[in-house]
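Colleague: I should like to learn how to read a few features of a protein model. May we go through them one by one?

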Amino acid sequence: AMDQPATEAAFCLFNGSTCVAVTTNWVGNRLDATPTTSLPPNTLLYPIIYATASSATGVTFVGDGGSTCTAPNKCYGFTTMNGPVTYGDGHDGALTVNTSANLATTNFISGRICADGGDAVQYNAASIIANAVTLTTAPTAGCLSPGDEIMVINIQGTSTSTANTGKYETFLVGTVVGDTVTFVPNKTLYFGDGAANDSNIGIAANNQKVAVLRVPNYTTVILCGGATGGGCTATGTLTTMAYQGSKGGLLAFKANSAITVNSGGAISVSGIGFRGGIRVLGLGGIQGESHTGTGADDYAANAGGGGGGLGDGATWDSWGNAGGGGGGYGSAGTAGTNIPLNVGGYAGLPLANGVLSSLYLGSGGGSGGNISWSGTMNVAGNGSPGGGIIWLQTPILSIAGIMSADGEAGQQG
């Protein structure tokens, strides 16, 4: 039988000759031996604990007696993997949600204190190399620790470069020194302007927006539906921070046992994706935001973002204001309503990546066109935001409640 107690650390980093302690409990108290197999530097090694000696593919035993077990549950082995385990190591413990909570701002994990945000705190990248990312602000102590899992994602490109938009990878944190976070394994993707570079990363309007977020590794996650016992005392809803122009909109976590959404409970990222066009007096309708950037005064689609409706604020004389177009995602959005002499905003375009191997926030809708230059009457409604992203990894997902990532309906002018 195989057992991996919660007290064991997630992994060690093998530097070519020995294990480098990422968390000292496992290496210091359990594994004093060096793996006998020949491994390359920067190999991730995961503990596997057997009740009795046995053979297993890819495992080298070290145990408390070298290569043999001298007592039950004392035989330890290394298995080599290319990255974090699929469902996480569970080091953040169990999570039971009895309230409406934002995982980016709420600290649930026992003993963990993070002044920058919650269990799934988010940052932005200023630059990235093969095994390290420099953040735009240094994390406060306790927010990112060795052994934590992080996701790096190009969340938004520019109007001239979307080659890497939506690409993401997950890593395990090695060290945190100032604003620089090292990670393992080395990255395999690019996040910059070009398909094969990491250039022009930042938070300015013309930069590639690359978000870095902590991915909690829970054991179980329960979204409560009321006072049903088992730790549930009220209804629970889990969400994350809305997209803010360079990060947000993405809810990501793992549970290596199960995620359960009870009836009445919810995991929701509806209406926190790319932002809708905001009306500007004296202009026509403004396009919705998309993975190519923010919108402009135009009735054409902004990639997935809906076009703005025409109105006489845009040099056209009119009898009324046309509606903005709806944002697109897996399929095109809905075109805005036409009126005499004015055209509704074009529908947001569907994403080209139909299999969604990359992650995209839902695009925003366009605002309606304004009637009056002075804005004293019949001002158009704003466009509304698209849906966010839910990224979960767990062996068992049970949903009796709600899981939603919808865009919001447009505002009435």
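Modeller: The following exchange takes up salt bridges, burial and backbone geometry in this predicted model.

Colleague: How many salt bridges does the structure hold?

Modeller: The structure holds 6 salt bridges. In one of them, the side chains of aspartate 92 and arginine 214 meet at 2.8 Å, N to O. This pair links distant parts of the chain, 122 residues apart: aspartate 92 belongs to the loop between strand 5 (75-81) and strand 6 (95-97), and arginine 214 to strand 13.

Colleague: Which residues are linked with one another in a network of salt bridges?

Modeller: Asp92, Asp148 and Arg214 form such a network. Arginine 214 meets the side chain of aspartate 148 in a salt bridge of 3.0 Å, N to O. Here too distant parts of the chain are linked, with arginine 214 in strand 13 and aspartate 148 in the loop between strand 9 and strand 10, 66 residues apart.

Colleague: Is arginine 214 buried or exposed, and on what grounds?

Modeller: A residue is called buried if its relative accessible area is under 20%. Arginine 214 counts as buried because its relative accessibility is 1%. Aspartate 148, at 5%, also counts as buried, and aspartate 92 is buried as well.

Colleague: What else does the side chain of aspartate 148 make a polar contact with?

Modeller: The side chain of aspartate 148 makes a polar contact with the side chain of histidine 91, at 3.2 Å. In addition, a polar atom of the aspartate 148 side chain lies 2.9 Å from the backbone nitrogen of serine 145. Leaving aside neighbours within four places in sequence, the residues in contact with aspartate 148 include Cys143, Phe171, Leu172 and Val173.

Colleague: Where is the salt bridge of aspartate 198 and lysine 187 placed?

Modeller: Both residues are in the loop between strand 12 and strand 13, 11 residues apart. Their side chains meet at 2.8 Å, N to O. Aspartate 198 counts as partly exposed, because its relative accessibility is 21%, whereas lysine 187, at 13%, counts as buried.

Colleague: What should one look for in the backbone?

Modeller: Most residues other than glycine have a negative phi, and most peptide bonds are trans. Asparagine 200 has a positive phi, near 60°. A cis peptide bond joins valine 184 and proline 185, with omega about -10°.

Colleague: Where do asparagine 200 and proline 185 lie?

Modeller: Proline 185 lies in the loop between strand 12 (180-184) and strand 13 (209-215). Asparagine 200 is placed in the loop between strand 12 and strand 13, and its 29% relative accessibility makes it partly exposed.

Technical notes. Residues numbered from 1 in each chain as written. Predicted model: local features only at pLDDT ≥ 70, side-chain atom pairs only at ≥ 80, totals over all residues. Heavy atoms only, no water. Helix = DSSP H or I, 4+ residues; strand = E, 2+ residues; numbered from the N terminus. Buried < 20%, exposed > 50% of the residue type's maximum accessible area, 1.4 Å probe, protein only. Polar contact = N/O pair within 3.5 Å; in protein donor to acceptor, adjacent residues only side chain to side chain. Contact = heavy atoms within 4.5 Å. Salt bridge = Lys/Arg side-chain N within 4 Å of Asp/Glu carboxyl O.
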